[in-house]
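Biologist: I would like to learn how to read a model like this one, feature by feature. Could we begin with the surroundings of the ligand?

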Amino acid sequence: MRLEQLKEILSEASQVFVLTDENVAQYWLPELEHWLGCEQAVEIIVKPGEKYKTLRTAQKVWRALLRHNADRDAILVNMGGGTVTDLGGFVASCYQRGIRFVNVPTTLLAMVDAAIGGKNGINFGNCKNQIGTFTEPLEVMVNPICLSTLPERELLSGLSEMVKYGFIADDAMLKVDESNYEQYILRAGDLKREIVDDDPTDLEQRRVLNFGHTLGHAIESFSLSSETPLTHGEAVALGMWCALYISVKQCGLHEEVLIDYEPKLRTLLSEVEPCFSQGDVDAIMAFVEHDKKNKHGHASFVLLKAVERPLVDQYVPEAMIREALGQMINLIDSL
Ligand SMILES: NC(=O)c1ccc[n+]([C@@H]2O[C@H](COP(=O)([O-])OP(=O)(O)OC[C@H]3O[C@@H](n4cnc5c(N)ncnc54)[C@H](O)[C@@H]3O)[C@@H](O)[C@H]2O)c1
């Protein structure tokens, strides 16, 4: 959809609401509202970060919609990173059984991944994305200018998801780095759309997108309770290392792929000092147990036979998962 078309749809809505977080509001709210021609929108500003992707924040947004008498012809515009687009998509898809929403991603991660594909949700019971919906946004409008204020660490977090597309779908994406990422944003979005279009409700092939995420989510959930939580992308970067390690052991992936990834991993983690000890493996395993992708009591993995040849729904014995986590912890000590 062209910008002009979207502006027209917004102008015909009964009301436009803009959901954003405090950081994005500070840098971009007036500019983005002007860009979309929705300066009169009702603004709903929530606290930033994963910690607030909760039922409590969702309730706050629903209350604001109710207070302003939002009806089914209202549109919610989610301006922000993946936490805002996940939360806002969830809120919109449940409010009065579903109102339209538009995603305007402002982080690299949201531009190439989170804002696309219709998976919406909140964290619940200490676990990531436990409650959610599948509902496609009316449109995703990307304006890369927003990235100019993005902290380096958040940029690297987005790069991590771009590298993921390199492993599962297009090895050219493995060349992405801090100097050239802008030229790969559209390609990354297209790759996600292609995968999602084939399997919108995540029953089969869309699961390739979970490469690195089974352990990535467990590592992220574990780190959320620490003093220095990892970003989503940092946790996924570590989860991908584990998935590659297991793929070498279990699926015949060439070991060079794992070795070649290590300098990239160092870059992806360069803004943080991940702090794990071998004693943390048990606690991370407890999150693996809870993972929603568990099937018949087993964690389900996406592994690689080769680059661009992902295998979904792979069973990995617990001992192998523990070995991969242990080796990952040894590795980050040496990075
Ligand atoms: N739905 C999906 O398919 C999908 C896919 C991948 C990730 N996700 C979810 O996305 C979330 C992570 O998203 P994220 O990495 O974008 O994190 P985020 O939304 O928490 O944003 C990271 C930080 O950057 C700030 N920020 C956002 N845009 C900014 C800008 N332009 N300038 C300055 N600061 C800015 C935010 O306020 C926040 O502090 C996770 O909850 C993850 O589960 C969802």
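Modeller: Let us begin with the rule that the ligand shell needs: a residue is near a molecule if its C-beta atom, placed from the backbone, lies within 6 Å of it. Please keep in mind throughout that this is a predicted model.

Biologist: How many residues surround the ligand, and which are the closest?

Modeller: The ligand is surrounded by 32 residues, and the closest are Asn23, Pro48, Gly81, Gly82 and Thr107. By class, the shell around the ligand holds 14 polar, 10 nonpolar and eight charged residues. Several elements supply at least two residues each to this shell, among them helix H2 (22-36), helix H4 (82-94) and strand E6 (127-134).

Biologist: Which domains does the shell around the ligand draw on?

Modeller: Domain 1 (3-148) and domain 2 (152-334) each give at least three residues to the shell around the ligand. These two domains are the ones that the domain assignment of the protein gives, and their C-alpha centres lie 26 Å apart.

Biologist: How should I read the contact between domain 1 and domain 2, and how many residues are in contact?

Modeller: The size of an interface is often given as the accessible area lost when the parts come together. Here the description is a count of residues instead: 19 residues of domain 1 are in contact with 25 residues of domain 2. On the side of domain 1 that touches domain 2, H5 and E6 each supply at least two residues, and the largest share, five residues, comes from H5. That side of domain 1 divides into 10 nonpolar, six polar and three charged residues.

Biologist: What does the radius of gyration say about the protein as a whole?

Modeller: The idea is to compare the value with the one expected for a compact globule of 335 residues, which is near 20 Å; the protein has 20 Å, so the two agree. Along the principal axes, the C-alpha atoms fill a box of roughly 55 × 40 × 35 Å. The protein has 12 helices and nine strands, and buried residues make up 46% of its 335 residues.

Biologist: Is strand E3 mostly covered or mostly open?

Modeller: Strand E3 (residues 75-80) is mostly covered, with six of its six residues buried. A strand can be read by its two faces: in E3, Ile75, Val77 and Met79 point one way, while Leu76, Asn78 and Gly80 point the other way, and all are buried.

Biologist: Which strands pair with E3, and in which sense?

Modeller: Strand E1 (residues 16-21) pairs with E3 in the parallel sense over five bridges, and Val77 in E3 is the bridge partner of Val18. E3 also runs parallel to strand E4 (residues 100-105), to which six bridges join it, and there Leu76 stands opposite Phe101.

Biologist: For single residues, why does Cys242 count as buried?

Modeller: The reasoning is a count of neighbours against a cut-off: a residue is buried if 20 or more other C-beta atoms lie within 10 Å of its own. Cys242 counts as buried because it has 27 C-beta neighbours inside 10 Å. Cys242 is placed in helix H9 (residues 232-251) and, leaving aside residues up to four places away in sequence, touches Leu215, Ala324, Leu325 and Met328.

Biologist: And is Ser300 buried or partly exposed?

Modeller: Ser300, whose place is in strand E8 (residues 300-306), counts as partly exposed because it has 18 C-beta neighbours inside 10 Å.

Methods:
Residues numbered from 1 in each chain as written. Predicted model: local features only at pLDDT ≥ 70, side-chain atom pairs only at ≥ 80, totals over all residues. Helix = DSSP H or I, 4+ residues; strand = E, 2+ residues; numbered from the N terminus. Nonpolar A, V, L, I, M, F, W, Y, C, P; charged D, E, K, R; others polar. Domains from an automatic or database assignment. Buried ≥ 20, exposed ≤ 12 C-beta atoms within 10 Å, placed from the backbone. Contact = placed C-beta atoms within 7 Å. Rg over C-alpha atoms; globule rule 2.2 N^0.38 Å. Pairing = 2+ DSSP bridges.
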